[in-house]
Amino acid sequence: MKNLMNGFFAFKNWRNTGLLMLFSLSFCMGQHGEKWLEFKGNSGPGKGKKIVLISGDDEYRSEEGLPMLGKILAQHHGFDCTVLFSIDPEKNEINPTFKSNIPGLEHVAEADLVIMLMRFRELPDEQMKYIDDYIQAGKPIIGLRTSTHAFNYGKDNESKYKKYHWMSDDANWKQGFGRKILGETWVAHHGHHAVEGTRAMLDGLASEHKHPILRGIKDIWVASDVYTVRNLGDNAEVLIHGAVTHGMTPDTPVNWEKALMPIAWVQSYTAESGNSGKVFTSTMGASVDLESEDLRKLVVNAAYWCLNMSDKITENTKVDYVGEYKPTMFGFDNWRRGMKVSDFK
């Protein structure tokens, strides 16, 4: 009888512990689902590789565009993808204007590639540490649109990562993350913002040499305007120049009175650690820009190139939407209020 009672209580304790563990697991998954997205890779060349996509801008709707790219990279190409967002910690909602909180950056520590579209973030050191560690490890980066000016530290901020500031005067980080890592910082709008679009002009030499990122790329027009680019170094190889178009539709003619500007290039960076990493940068990348099939191909091709998998790039890179995609036009005050991370699953 005693053994029977002991067995009963042991079962009861096991059941309660099991239920508690199950509840805790469900709770953790729910909490994670509220703060970041995870897309498990399907079969494909990227199987076993992890990509972290960091959204964090208040104008170009990266909170809409990067989840879409994450789904494509996971479903069609096999990469495990984690998508991070700027989160208002009080409401636990996506808030692109909240510039000091991107939960989940610890996932960067395990990433094989980071894709980012950020603008003027001022993250706490405990979050920036993961980005800096990634840079010091010499890992590859894809920077889109406003990532040239991803960080903006206030004058009274004493962060040890202040060198990332878009106009840094640090001797080894002049003009910050944009110039040091991506090749350029913010300069100006070359096209008339929200009036003139961008027509992509593939660089003749890059095309002649059959750069793998350009494989299958034929036609890109985007609504976001051309940025001014002045200071690309000898390390950069321009793949695409941008021509300003007179209007905001693909059929509007080019404004030949305005010079062409680099809008997509590759280069490498070298961190203080001595480690070097591959970089692809494009000043395109707004959520509405990514309606261009060939721009989506360009980013996916760049992911393969960054990961030393250029041999896997085909002329017909698959970039069909996974589910519905209806992006919001860019602008500072037209982000969707009340967004939960789960809205982008």
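This section describes aromatic contacts, enclosed and open spaces, cysteines and unusual backbone angles in a predicted model.

A pair of aromatic rings is described by the distance of the centres and the angle of the planes. In the model, 10 aromatic pairs were counted. In one of these, the ring centres of Phe151 and Tyr164 are 5.5 Å apart and the planes meet at 80°; because this angle is over 60 degrees, the pair is classed as edge-to-face. The two residues are 13 positions apart in the chain, and the contact links distant parts of it. Phe151 and Tyr164 are both placed in the loop between strand S7 (141–144) and helix H4 (176–182). Both residues are buried. Phe151 and Tyr164 also belong to one aromatic cluster, together with Trp173 and Phe177.

A further pair is formed by Tyr321 and Tyr325, whose ring centres lie 5.2 Å apart. The planes of these two rings are at 45°, so the arrangement is tilted. The two partners differ in burial class: Tyr321 is partly exposed, with a relative accessibility of 30%, whereas Tyr325 has a relative accessible area of 11% and is therefore buried.

Charged side chains were also found over aromatic rings. Lys278 is positioned over the face of Trp305, 4.0 Å from the centre of the ring. At Trp335, the charged end of Arg337 sits over the ring at 4.1 Å from its centre.

Internal space was examined next. Rolling a probe the size of a water molecule over the atoms shows where empty space is left. The model contains 2 cavities of 30 Å³ or more. The largest cavity holds about 70 Å³ of space. Its lining consists of Ile54, Val108, Val114, Met116, Met118, Ile131, Tyr134, Ile135, Ile141 and Phe177. Strand S6 (113–118) and helix H3 (125–136) each contribute at least two residues to this lining. By class, the lining of the largest cavity comprises 10 nonpolar residues, with no polar and no charged ones. Phe177, listed in this lining, is also a member of the aromatic cluster with Phe151, Tyr164 and Trp173.

The second largest cavity has a volume of about 40 Å³. Thr148, Glu184, Thr185, Trp186, Val187, Tyr227, Thr228, Val229, Trp265 and Thr283 form its lining. This lining is mixed in class, with 5 nonpolar, 4 polar and 1 charged residues. The nonpolar residues include Trp186, Val187 and Tyr227, and the charged residue is Glu184.

Among the open spaces, the largest pocket has a volume of about 230 Å³. The residues around this pocket are Glu64, Pro67, Met68, Lys71, Val322, Glu324, Tyr325, Lys326, Pro327, Arg336, Asp343 and Phe344. They divide into 6 nonpolar and 6 charged residues, with no polar residue present. Glu64, Lys71 and Arg336 are among the charged members of this lining. Tyr325, which lines the pocket, is also the buried partner in the tilted pair with Tyr321.

A disulfide is a covalent bond between the sulfur atoms of two cysteines. The model has 0 disulfides. For Cys81, which is in no disulfide, the nearest cysteine sulfur is that of Cys306, at 14 Å. Because a disulfide requires sulfur atoms within 2.5 Å, this separation excludes a bond between Cys81 and Cys306. Cys81 has a relative accessibility of 1% and therefore counts as buried. Cys306 is likewise in no disulfide, and its nearest cysteine sulfur is that of Cys81. With a relative accessibility of 3%, Cys306 is also buried.

Most residues other than glycine have a negative phi, and most peptide bonds are trans. Arg61, which is not a glycine, has a positive phi near 60°. Arg61 is located in the loop between strand S2 (50–56) and helix H2 (62–75). Its relative accessibility is 0%, so Arg61 counts as buried. A positive phi, of about 50°, also occurs at Phe120, again a residue other than glycine. Phe120 lies in the loop between S6 and H3, the two elements that each supply at least two residues to the lining of the largest cavity. At 14% relative accessibility, Phe120 falls under the 20% limit and is therefore buried.

Notes. Residues numbered from 1 in each chain as written. Heavy atoms only, no water. Phe/Tyr/Trp six-rings, centres within 6.5 Å; stacked < 30°, edge-to-face > 60°. Helix = DSSP H or I, 4+ residues; strand = E, 2+ residues; numbered from the N terminus. Buried < 20%, exposed > 50% of the residue type's maximum accessible area, 1.4 Å probe, protein only. Lys NZ or Arg CZ within 6 Å of the ring centre and 35° of its normal. 1 Å grid on protein atoms, 1.4 Å probe; cavity = no way out; pocket = protein on both sides within 12 Å on 5 of 7 lines; lining within 4 Å. Points joined across faces, edges and corners; volume = space filled by probe spheres on them.
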